[in-house]
Amino acid sequence: MERGLILLVAALGVYVASGDQGTSYLSFSNNTQVNISRNGCGDTKLCVQTPENCDPTGNTSCLFASVIASTPIAPNGSAMSFQLSGDSMGYIALGLTVNASQGTTMLFICAQNSSNNGSFFFQTVDQNNTNGVFTPAERVTREIWGIVNKNVIKCEFTVPNMNSTTFSILLGTGNITDNGPGPFKVSFNSGLLNLTNPASNVPTTVPPVTNTTVTNTTVTTTTMANSIGAVQPHALLLLLSVLTLPIMLRA
């Protein structure tokens with residue numbers, strides 16, 4: 001049934017919200033074997049999620065995203081492959097921005113259309129970070145795949161020709177209205193990250209300070225004390241001999 005749903009979405013295209021100018025900039029994938037998991041996080045792909053360290057393959061709510069970004073090559077820039085998974089009866093979305101409080105956010109929306117049996121649809125918009133208003137954006141997006149299972153939405157997509165690789169990743173959800181996606185409710189903000197580095201959000205572990213110097217000093221001091229203790233009986237005998245000698249002479 002899932003395979004049939006995916007093929008149906010691919011055949012019909014995407015839901016076109018009011019104001020959109022077409023969907024020729026979007027292309028779908030026929031891949032039905034996509035696995036969204038934490039495998040490779042911090043090694044081959046950069047991962048973000050909320051709650052922290054939640055598992056998208058588990059039974060608890062988890063808003064999860066990963067990205068694999070190629071090294072930028074002029075003039076084509078970087079190609080970025082995203083995976084997104086989360087719970088929503090409307091949509092889940094991934095945003096890329098330089099400053100979440102001003103400027104704009106590139107928003108990639110994976111949603112279910114409740115008026116069409118919860119079928120999957122995909123949309124790209126730009127969000128004004130000052131007032132939250134959406135503007136339709138014909139951003140080229142390739143290899144789009146998505147599936148809806150009750151309130152769980154999963155999708156993946158590739159964005160080519162990205163001229164920058166440093167962004168804050170925003171994760172959030174929203175409702176679907178008769179006029180399209182409602183306001184984007186941000187649940188997670190990663191802060192600025194280098195998306196080409198899978199470990200850019202992995203804390204650096206500082207090596208523990210060793211006590212080699214202190215230990216050596218202790219051993220040396222202990223050794224000296226033992227040496228002094230070892231000669232004390234000889235010193236005592238010598239002292240007794242010196243004290244006894246005058247008595248023997250008077251005798």
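The following dialogue works through confidence, disulfides, a salt bridge and one loop residue in a predicted model.

Trainee: What should I know about the conventions before I read this model?

Mentor: This is a predicted model, in which local features need pLDDT of at least 70 and side-chain atom pairs count only at pLDDT 80 or more, while totals for chains, interfaces and linings use all residues. Residues are numbered from 1 along each chain as its sequence is written, and side-chain values use heavy atoms, with hydrogens and water left out.

Trainee: What pLDDT does the protein chain average, and where does pLDDT stay under 50?

Mentor: pLDDT is the predictor's confidence in each residue, from 0 to 100. The protein chain averages 81, and 73% of the residues score at least 70. Over residues 1–22 the pLDDT is below 50, although this stretch has 36 contacts (heavy atoms within 4.5 Å) beyond near neighbours in sequence. Residues 212–231 also stay under 50, and for them the model has 0 contacts beyond four places in sequence. Where pLDDT is low, the predicted coordinates should not be read in detail.

Trainee: How many disulfides does a search of the whole structure find, and what pattern do they follow?

Mentor: A disulfide is a pair of cysteine sulfur atoms within 2.5 Å. The search of the whole structure finds 3, and with bonded cysteines counted along the chain they follow the pattern 1-2, 3-4, 5-6. Cys41 and Cys47 are joined with their sulfur atoms 2.0 Å apart, and the angle of -85° about the S-S bond makes this link left-handed. Cys54 and Cys62 also have their sulfur atoms 2.0 Å apart, but their link, with 65° about the S-S bond, is right-handed.

Trainee: Are Cys41 and Cys47 buried or partly exposed?

Mentor: Buried means under 20% relative accessible area and exposed over 50%, with partly exposed in between (1.4 Å probe, protein chains only). Cys41 is partly exposed because its relative accessible area is 23%, whereas Cys47, at 7%, is buried. In the link of Cys54 and Cys62, Cys54 counts as buried at 8%, and Cys62 counts as buried at 4%.

Trainee: Which parts does the pair Cys110 and Cys155 tie together?

Mentor: Strands (E, at least two residues) are DSSP runs, numbered from the N terminus. The sulfur atoms of Cys110 and Cys155 are 2.0 Å apart, and with 85° about the S-S bond the link is right-handed. Cys110 lies in strand E6 (residues 104–113) and Cys155 in strand E10, so the pair ties together parts that are 45 residues apart in sequence. Cys110 counts as buried at 0% relative accessibility, and Cys155 likewise at 0%.

Trainee: Which residues form the salt bridge?

Mentor: A salt bridge is a side-chain nitrogen of Lys or Arg within 4 Å of a carboxyl oxygen of Asp or Glu. The whole structure yields 1, formed by Asp126 and Arg139, whose closest N and O atoms are 3.0 Å apart. This pair links distant parts of the chain, with Asp126 in strand E7 (residues 119–128) and Arg139, 13 residues apart from it, in the loop between strand E8 (134–136) and strand E9 (141–149). Asp126 counts as partly exposed at 22% relative accessibility, whereas Arg139 is buried at 18%.

Trainee: Where is Thr165 found, and what does Thr165 touch?

Mentor: Thr165 is found in the loop between strand E10 (152–162) and strand E11 (166–174), and with a relative accessible area of 13% Thr165 is buried. Not counting residues up to four places away in sequence, Thr165 touches Pro72, Ser78, Met80, Leu193, Asn194, Leu195 and Thr196.

Conventions:
Helices (H or I, at least four residues) and strands (E, at least two) are DSSP runs, numbered from the N terminus.
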